[in-house]
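Colleague: I would like a close look at one part of this model, followed by an account of how the rest of the fold is arranged.

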Amino acid sequence: YITMAVSLIGDYYASEDARGRLLGWFAFVGGGGSLVVLYLAGVLTKMQGWHAPFAIYAVALPLFVLALFLIKNVAPAAAAQNAGTASDSIWSAWYIYALIILISISMYAVTIQGTYVMNEGGITDTVVQSNVILFSTIGSMGGAYLFRFVRPGLGFYLTLSLTWAVLALGNIGFVSTLNVYLLGAFAALVGVGSGLMQPLTQTRVLSIVS
C-alpha cells in the first residue's frame with residue numbers, strides 16, 4: 001500500500017513542496033496507526049487470545065469500499081510538469097536507492113537490536129523494553145511532522161545531513177547508556193531520523209523519475 005499511496009501522491013500533486021507535505025503527513029499518520037494497532041493488539045490478546053489481533057486487519061474492507069469511490073485514475077501531474085526533464089528510467093534515481101539501503105540499516109538498528117542491547121545490560125523487563133522501543137515510533141511521527149518545516153528551508157542535502165546526524169547521535173547514544181530514560185530519548189532521536197528520511201527520499205525519487 002505504501003508504493004500505491006506514494007505513487008498516487010506523485011500523480012495528484014505536481015509541486016514538490018505539496019508532495020513533501022503530503023508524504024510527511026502520510027508518514028506521521030502511519031506512525032500513529034502503528035501506535036494504535038500495537039495498543040489494541042495487546043488489549044485484544046489479553047481479552048481473547050493471540051488470534052484476536054488479526055481481526056484488526058478487517059479495517060481493510062471498508063477502506064476498500066471507500067477507495068472504489070474516492071481514488072480516480074488521473075494523468076500524472078508530476079510527469080506533466082516535468083516533461084522533458086524527468087527520466088522514464090527508475091535507475092536514474094539509483095543513488096537515492098543506495099542511500100535508502102544505508103539509512104535503513106541505521107534506522108532499524110534500535111528497533112531490531114535494541115532488546116538485545118538491553119538484555120545484555122541487565123534490562124530484561126519486557127514491558128520496559130517495549131516502552132523504550134515504542135519511543136522510536138513516537139520519534140518517527142515527530143520527524144515526519146517536522147519535515148514540512150525543515151525541508152523547504154534546508155533543501156535536500158542539508159536535510160539529508162541532519163537525518164544522518166540525528167540517526168548517528170541516537171544510535172551511538174543508545175549503546176552508550178543503561179539509563180532507561182536516556183534509552184527512550186535516544187530511541188526517539190533515531191525515530192526522528194526515520195521520520196525525516198521517508199518523505200525526503202520519496203519526494204526526491206518522485207522529482208527525478210517521471
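How much space lies in the second largest pocket? Please take that pocket as the part to examine, and then place it in the wider structure.

Modeller: The model is a predicted one, and in it the second largest pocket holds about 230 Å³ of space. Its lining is made up of L35, L38, Y39, G42, V127, S130, N131 and L134, and the elements that contribute two or more residues to this lining are α2, which runs over residues 16-48, and α7, which runs over residues 126-174. Sorted by class, the lining residues comprise five nonpolar and three polar ones, with no charged residue among them.

To set the pocket in context, the protein contains eight helices and zero strands, so that, read along the sequence, its pattern is α-α-α-α-α-α-α-α. The C-alpha trace spans about 60 × 40 × 30 Å along the principal axes, and 38% of the 210 residues count as buried. Of the contacts between residues at least 6 apart in sequence, 77% join residues that are at least 24 apart.

Another part of the helical arrangement that can be described in detail is the pairing of α5 with α8. Two packed helices are described by the angle between their axes and the distance between the axes. Helix α5, covering residues 94-107, packs with α8 at an angle of about 170°, and the two axes are 11 Å apart; because angles over 145 degrees count as roughly antiparallel, α5 is roughly antiparallel to α8. On the α5 side the contact is made by Y95, I96, Y97, I100, I103, S104, S106 and M107, while α8 supplies V190, S194, M197, T201, R204, V205 and I208. By class, this contact of α5 with α8 has ten nonpolar, four polar and one charged residues.

One of the α8 residues in that contact, S194, can be followed a little further. S194 lies in helix α8, which spans residues 180-208, and its relative accessible area is 11%, which means that S194 is buried, since the cut-off for that class is under 20%. Leaving aside residues up to four places away in sequence, S194 touches M107, S140 and L167. Among these partners, M107 is also one of the residues that α5 gives to its contact with α8, whereas S140 and L167 fall within the range 126-174 of α7, a helix that also contributes to the lining of the second largest pocket.

Terms used:
Residues are numbered from 1 along each chain as its sequence is written. This is a predicted model: local features need pLDDT of at least 70, side-chain atom pairs count only at pLDDT 80 or more; totals for chains, interfaces and linings use all residues. Side-chain values use heavy atoms; hydrogens and water are left out. On a 1 Å grid over the protein atoms alone, a cavity is a set of points where a 1.4 Å probe fits but cannot get out, and a pocket is an open set with protein on both sides within 12 Å along at least five of seven lines; lining residues have an atom within 4 Å of a point. Grid points are joined across faces, edges and corners, and a volume is the space filled by probe spheres set on the points. Helices (H or I, at least four residues) and strands (E, at least two) are DSSP runs, numbered from the N terminus. Ala, Val, Leu, Ile, Met, Phe, Trp, Tyr, Cys and Pro count as nonpolar, Asp, Glu, Lys and Arg as charged, and the others, Gly among them, as polar. Buried means under 20% relative accessible area, exposed over 50%, partly exposed in between (1.4 Å probe, protein chains only). Contact means heavy atoms within 4.5 Å. Axes are lines fitted to C-alpha atoms, for helices over the stretch in contact, and angles run from 0 to 180 degrees between N-to-C directions. Angles under 35 degrees count as roughly parallel, over 145 as roughly antiparallel, 65 to 115 as roughly perpendicular and the rest as oblique.
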